[in-house]
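Colleague: Could you take me through one part of this model slowly? I'd like a close look at the place where the two domains meet, and a word on the ligand too.

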Amino acid sequence: MKEPRKTSTETQMAHLGENRSRYDGAVVPPVFQNSLFTFENWDDIDAAFETRTQRPIYTRLMNPTTRVAEQKIAALASTSRTDIQAHLTSSGMAAMSAAIFHVVEPGDHVIAVKNIYGPSNNFLNTYLRKKMEVVTTFVTGTSLEEFEQAITAKTRLIVLESPSSAVFSLQDISKVAALAKSRRITTLIDNTWATPIFQKPMDMGIDLEVHSVSKYIGGHSDVVAGVIIGSSERIKDIIVHEGELFGGIASPWTSWLVTRSLRTLSMRLERHQKNAQSVATFLEQHPKVREVHYPGLKSHPQHELACRQMSGFTGLLSFRLDTEHLPSIKRCFNALQYFQIGVSWGGHESLIYAPAISYLKELPPERFKDLGISLGDMRISVGLEDPEDLLEDLSQAIRHV
Ligand SMILES: *Cc1c(COP(=O)(O)O)cnc(C)c1O
């Protein structure tokens with residue numbers, strides 16, 4: 001079969017990595033729902049062990065269904081490099097923890113952005129500190145000087161998340177990557193918000209990229225998976241160490257669903273972006289909304305950087321209602337019809353969540369105020385519904401404030 005051009009995203013997602021003639025012409029690759037693969041004789045299995053991340057032997061190391069999804073994601077991650085490989089994992093956190101373990105050793109120092117995903121922050125700040133005496137310095141990430149000042153002789157890793165999925169603040173990815181390279185420090189980015197379609201950190205000098213595939217890449221709210229992307233050399237090392245030893249791999253069935261999702265990722269994102277832009281603009285002009293946080297808006301404090309390093313914006317954003325009166329906030333929240341109440345994001349459906357719900361459980365009220373969170377903060381994932389319906393829904397709900 002003709003191999004798609006390196007730069008044609010949609011054609012690659014339709015055809016790359018799919019050897020149809022091997023599977024009786026099946027237009028959709030089969031699910032290799034098997035744990036092991038068998039061999040002709042001694043020499044045959046002996047040879048397979050020589051290249052054990054390439055030829056299937058046992059599904060924890062390599063499965064052909066998983067490899068199809070991995071090849072497509074690796075192709076998405078860079079427009080210029082040909083040495084990129086991807087490793088699909090059982091969840092985004094499996095990807096994050098394996099990527100960090102791949103880099104750090106006991107006593108190392110890590111620099112991370114303060115607003116990274118909660119469990120990633122927790123993994124660095126409490127788990128690794130306790131188990132491996134790995135100490136993390138947290139920075140806001142908005143200036144290069146801050147990273148420079150945080151570097152010590154023991155700094156081994158810098159962890160970014162741009163935009164962060166909590167407050168949508170950005171880091172200048174190329175600049176941080178260049179600084180890290182000059183000091184021989186490894187860089188890791190959580191690129192879940194932007195997706196490998198809208199932001200390509202591998203082309204900006206970043207060493208390792210992770211995604212929660214459970215969000216936009218999966219896109220249908222029916223899989224939990226993750227992925228680690230890096231040079232073939234690094235990924236092979238991760239497969240035979242963190243992959244084989246921790247065993248957090250994506251199952252064949254999950255991998256098959258991910259391949260299904262990748263075929264429509266680019267088209268889904270176009271629509272998420274269009275809908276989110278309408279919703280963000282509508283909210284920004286609404287008299288009962290104090291502020292809107294969305295990198296795609298001109299009013300976002302880092303909008304210019306956002307346009308420089310991303311080619312598009314996805315559908316997760318937040319806004320602050322112009323009140324602290326809990327009963328009327330709840331009335332608005334509960335009045336929504338199309339925005340369903342739930343955590344997570346990136347699926348076809350529109351969702352709403354109020355960060356205060358979890359923070360109020362975990363923190364005393366004074367701390368809650370210190371963090372700069374308001375009762376009126378709403379996070380919404382703008383789905384693929386008709387934008388007019390979404391605006392109407394928000395409009396009728398906000399009338400309850
Ligand atoms: C959801 C999420 C994760 C964790 O992914 P799981 O697949 O739920 O383990 C990591 N980073 C970000 C930014 C996320 O939103």
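Modeller: Sure! One term first: buried area is the accessible area, found with a 1.4 Å probe, that two parts lose on being put together, summed over both. The size of an interface is often given that way. Keep in mind that we're looking at a predicted model.

Now for the parts themselves. The protein splits into domain 1, covering 9-262, and domain 2, covering 265-398. Going by C-alpha atoms, their centres sit 28 Å apart. Domain 1 brings 31 residues to the contact, and domain 2 brings 32.

So how much area do domain 1 and domain 2 bury between them? The figure is about 2,700 Å², with 60% of it on carbon and sulfur atoms. On the domain 1 side, look for three residues: Trp-193, Phe-198 and Tyr-216. Together they supply 32% of the area that domain 1 buries against domain 2, which is more than any other three residues give.

There's a polar side to this story as well. Between the two domains, 17 residue pairs are in polar contact, counting pairs with both residues at pLDDT 80 or more. The salt bridge count between domain 1 and domain 2 is 1. If you'd like a salt bridge to find on screen, try Arg-308 and Asp-172: their side chains meet in one, at 3.7 Å from N to O.

Now the ligand. It has 13 residues around it, and those that come nearest are Gly-92, Met-93, Asp-190, Ser-214 and Lys-215. Sorted by class, that shell holds 4 nonpolar, 6 polar and 3 charged residues.

Zoom in on a few atoms here. Asp-190 has a polar side-chain atom 2.6 Å from a nitrogen atom of the ligand. Met-93 uses its backbone instead, with an N or O atom 2.9 Å from a ligand oxygen. Ser-212 places a polar side-chain atom 2.9 Å from an oxygen atom of the ligand. As for cover, the ligand on its own has 380 Å² of accessible area, and the protein covers 90% of that.

Terms used: Residues are numbered from 1 along each chain as its sequence is written. This is a predicted model: local features need pLDDT of at least 70, side-chain atom pairs count only at pLDDT 80 or more; totals for chains, interfaces and linings use all residues. Side-chain values use heavy atoms; hydrogens and water are left out. A residue is near a molecule or strand if one of its heavy atoms lies within 4 Å of it. A polar contact is a pair of N or O atoms within 3.5 Å; within protein, one must be able to donate a hydrogen and the other to accept it, and residues adjacent in sequence count only if both atoms are side-chain atoms. Accessible areas come from the Shrake-Rupley method with a 1.4 Å probe; for residues, only the protein chains shown count as cover. Ala, Val, Leu, Ile, Met, Phe, Trp, Tyr, Cys and Pro count as nonpolar, Asp, Glu, Lys and Arg as charged, and the others, Gly among them, as polar. Domain bounds come from an automatic or database domain assignment. Contact means heavy atoms within 4.5 Å. A salt bridge is a side-chain nitrogen of Lys or Arg within 4 Å of a carboxyl oxygen of Asp or Glu.
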